[in-house]
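This report introduces a protein chain to a reader who is new to it. It goes from the chain as a whole to a few selected residues.

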Amino acid sequence: MTDMIAVAYPSETVAEQALIELRALHTEHTVHVADAVLLTRDHNGEVKIPGKPHPAASGAMGGALWGGLIGLLLLQPLLGAAIGAAAGGAVGATAEDDERTQFIKSLGQRLAPGHAAVIAVIYDATADKALPRIARFGGEVLHTSLSQADEDEIRSALHAHQAATVG
């Protein structure tokens, strides 16, 4: 069973560190991450997903590849790549974000300007080993698909770390 967890952090730097730690836990097989993304909200309120390619750029890349291959069959690979890149870029620029991206951006709207979040889809975890390592970054649970008991356990671990840091 997979679960989604979104944790907000007071800065992009802290969120990046938490994401690095989450990836280290994945490498150690303590947490099995299906996907994880960093989400930021800049001081102007704009929500961004760093590292996610712009739709027009990825459309142009895909179009150039397919156009080049088709052009190769017609003995005009450069012309095919150019036409494919233009068509792919146009399609990518006009394409709407998928539902997943829309949901992630809606979570980003809940962040305070200048804050960031890590959103992870996890399909298995050894909580007693993973939670203390992630809790040291603090944070606030933004959203989960966990049971209320599991969500409360995460909230309490994050708050316990924050209380220890302040006190």
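A residue is called buried under 20% relative accessible area, exposed over 50% and partly exposed in between, with a 1.4 Å probe and protein chains only. By that measure, 39% of the 167 residues of the protein chain count as buried.

The model is predicted, so local features need pLDDT of at least 70 and side-chain atom pairs count only at pLDDT 80 or more, while totals for chains, interfaces and linings use all residues. Residues are numbered from 1 along each chain as its sequence is written, and side-chain values use heavy atoms, leaving out hydrogens and water.

The protein chain holds six helices and five strands, where helices (H or I, at least four residues) and strands (E, at least two) are DSSP runs numbered from the N terminus. Along the sequence their order is β-α-β-β-α-α-α-β-α-β-α. Among contacts (heavy atoms within 4.5 Å) with a separation of 6 or more, 74% join residues 24 or more positions apart.

Two residues can be set side by side.

| Residue | Location | Relative accessible area |
|---|---|---|
| His29 | loop between helix 1 (12–27) and strand 2 (31–41) | 56%, exposed |
| Glu153 | helix 6 | 42%, partly exposed |

His29 also has a positive phi, near 65°, although the residue is not a glycine.

Glu153 gathers with Asp128, Asp150 and Asp152 in a surface patch of negative charge. Such a patch is made of residues with over 30% relative accessible area and no salt bridge (a side-chain nitrogen of Lys or Arg within 4 Å of a carboxyl oxygen of Asp or Glu), with like charges joined within 9 Å. Helix 6 (residues 148–166) gives the largest share of the negative patch, three residues.

Definitions and conventions. Patches are made of residues with over 30% relative accessible area and no salt bridge: like charges are joined within 9 Å, nonpolar side chains (Val, Leu, Ile, Met, Phe, Trp, Tyr) within 5 Å. Accessible areas come from the Shrake-Rupley method with a 1.4 Å probe; for residues, only the protein chains shown count as cover. Lys and Arg count as positive and Asp and Glu as negative; His and the chain ends are not counted. The place of a charge is taken as NZ of Lys, CZ of Arg, CG of Asp or CD of Glu.
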